[in-house]
Amino acid sequence: MKQQIGFIGLGIMGVPMALNLIKGGHQLFLYSDSKISAELTQAGGIIMQSSKEVAEKSDIIFIMVPDTPHVSSVLFDDMGVAAGLSMGKLVIDMSSISPIETKLFAKKINDLGCEYIDAPVSGGEVGAKSGSLSIMVGGTQAAFLRAKPFFELLGKNITLVGNNGDGQTAKVANQIIVALNIEAVAEALLFAAKAGADPAKVREALMGGFAASKILEVHGERMIKGTFDPGFRVCLHQKDLNLALESARSLQLNLPNTASAQSLFNTCAALGGSNWDHSAMIKALEHISNYSIVRK
């Protein structure tokens with residue numbers, strides 16, 4: 001059944017996600033601080049002048065913005081979503097943000113008589129375009145069932161992890177695993193190249209064994225070619241690992257390899273690479289080693 005859907009935040013991930021909802025037969029009302037792609041309006045999306053207007057027009061409101069303060073602003077500024085909500089609407093935040101703040105946001109929206117879901121994703125731009133994202137959900141069973149038909153237009157692996165905030169916790173865990181896998185692939189290819197082997201051939205050999213992974217397949221190729229257009233930006237992965245390390249401190253946990261990966265991303269940023277794809281972590285290792293794996 002056709003639904004009135006709002007979508008706020010139309011960047012690298014948001015645009016293809018919104019397009020998939022439109023292709024699913026729904027009417028979308030759009031708002032973004034940046035210029036909205038003509039592709040969305042040509043597909044039938046309607047541009048609104050504020051997050052409040054989006055909420056007024058829509059029964060379900062999706063949010064996909066970079067960080068915790070952005071979500072807070074979208075929700076609770078004077079012209080934010082909360083100002084346009086009426087009883088029974090559903091707010092779905094698909095950004096990757098603080099689990100602790102998410103619980104506070106959810107309570108405020110619940111107090112307005114509306115439901116709230118945190119549903120961060122993994123799969124990057126490729127997954128957003130193909131509708132194959134992994135979606136990690138925090139919220140009530142009822143809200144999850146209401147949202148699931150829309151999630152199925154966006155992703156393949158859709159899991160209700162638990163209550164509000166638990167989806168964000170799962171995403172933080174995901175980002176730890178991804179960062180450490182990128183570090184492992186980068187170190188392995190750097191080692192192979194410095195030892196005199198062709199890193200492309202080493203990658204090809206490893207893809208047939210137990211070391212095979214999506215990171216080795218996709219990001220390994222980027223590392224070998226030296227092409228680091230995002231994708232998923234270094235600065236966003238830094239943000240996610242900050243969430244991991246801050247939470248670890250509050251839980252009195254030591255995550256030494258997460259800290260190591262963050263240090264390498266910090267080196268990328270120092271080299272001017274905040275907006276490189278996160279596979280560019282190898283450039284930090286190359287800088288430290290004074291050796292590049294890219295064949296000229």
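This passage describes how several helices of a predicted model pack against one another, the second largest pocket, and two local features of the backbone in loops.

Helix 9, which spans residues 166-194, takes part in two of the helix contacts described here, and its packing against helix 11 (residues 214-225) is considered before its packing against helix 12. The axes of helix 9 and helix 11 lie 10 Å apart, and the angle at which these helices pack is about 50 degrees. Because of this angle, helix 9 is oblique to helix 11. The crossing of the pair is right-handed. On the side of helix 9, the contact is made by Val178, Asn181, Ile182, Val185, Ala186 and Leu189, which meet Ile215, Leu216, His219, Gly220, Met223 and Ile224 of helix 11. When these residues are sorted by class, the contact of helix 9 with helix 11 has nine nonpolar and three polar residues, whereas no charged residue is found in it.

Helix 9 also packs against helix 12, which covers residues 234-250. Here the two axes come within 9 Å and cross at roughly 115 degrees, and the crossing of helix 9 with helix 12 is left-handed. The residues of helix 9 in this contact are Val172, Gln175, Ile176, Val178 and Ala179, and their partners in helix 12 are His237, Asp240, Leu241, Leu243 and Ala244. By class, the contact of helix 9 with helix 12 consists of seven nonpolar, two polar and one charged residues. Val178 of helix 9 appears in the contact with helix 11 and also in the contact with helix 12.

The second largest pocket holds about 260 Å³ of space. Its lining is made up of 15 residues, of which Pro99, Thr169, Val172, Ser247 and Leu251 are the closest to the centre of the pocket. Helix 6 (99-110), helix 9 and helix 12 each contribute at least two residues to this lining, and the largest share, five residues, is supplied by helix 9. In terms of class, the lining of the second largest pocket contains 10 nonpolar, three polar and two charged residues. Val172 is thus listed among the residues closest to the centre of the pocket, and Val172 also belongs to the contact of helix 9 with helix 12.

A further contact joins helix 13 (residues 256-270) to helix 14 (residues 281-289), whose axes come within 8 Å and cross at roughly 80 degrees. The two helices are therefore roughly perpendicular to each other. Ala261, Leu264, Phe265, Thr267 and Cys268 of helix 13 meet Met281, Ala284, Leu285, His287 and Ile288 of helix 14. The residues of this contact divide into eight nonpolar and two polar, with no charged residue.

Two features of the backbone remain to be described. Most peptide bonds are trans, and most residues other than glycine have a negative phi. The peptide bond from proline 230 to glycine 231, however, is cis, with omega near 5 degrees, and glycine 231 is placed in the loop between helix 11 and helix 12. Glutamine 252, in the loop between helix 12 and helix 13, has a positive phi, near 60 degrees, although this residue is not a glycine.

Notes. Residues are numbered from 1 along each chain as its sequence is written. This is a predicted model: local features need pLDDT of at least 70, side-chain atom pairs count only at pLDDT 80 or more; totals for chains, interfaces and linings use all residues. Side-chain values use heavy atoms; hydrogens and water are left out. Axes are lines fitted to C-alpha atoms, for helices over the stretch in contact, and angles run from 0 to 180 degrees between N-to-C directions. Helices (H or I, at least four residues) and strands (E, at least two) are DSSP runs, numbered from the N terminus. Angles under 35 degrees count as roughly parallel, over 145 as roughly antiparallel, 65 to 115 as roughly perpendicular and the rest as oblique. A crossing is left-handed if the near helix is turned anticlockwise from the far one by less than a right angle, and right-handed if clockwise. Contact means heavy atoms within 4.5 Å. Ala, Val, Leu, Ile, Met, Phe, Trp, Tyr, Cys and Pro count as nonpolar, Asp, Glu, Lys and Arg as charged, and the others, Gly among them, as polar. On a 1 Å grid over the protein atoms alone, a cavity is a set of points where a 1.4 Å probe fits but cannot get out, and a pocket is an open set with protein on both sides within 12 Å along at least five of seven lines; lining residues have an atom within 4 Å of a point. Grid points are joined across faces, edges and corners, and a volume is the space filled by probe spheres set on the points.
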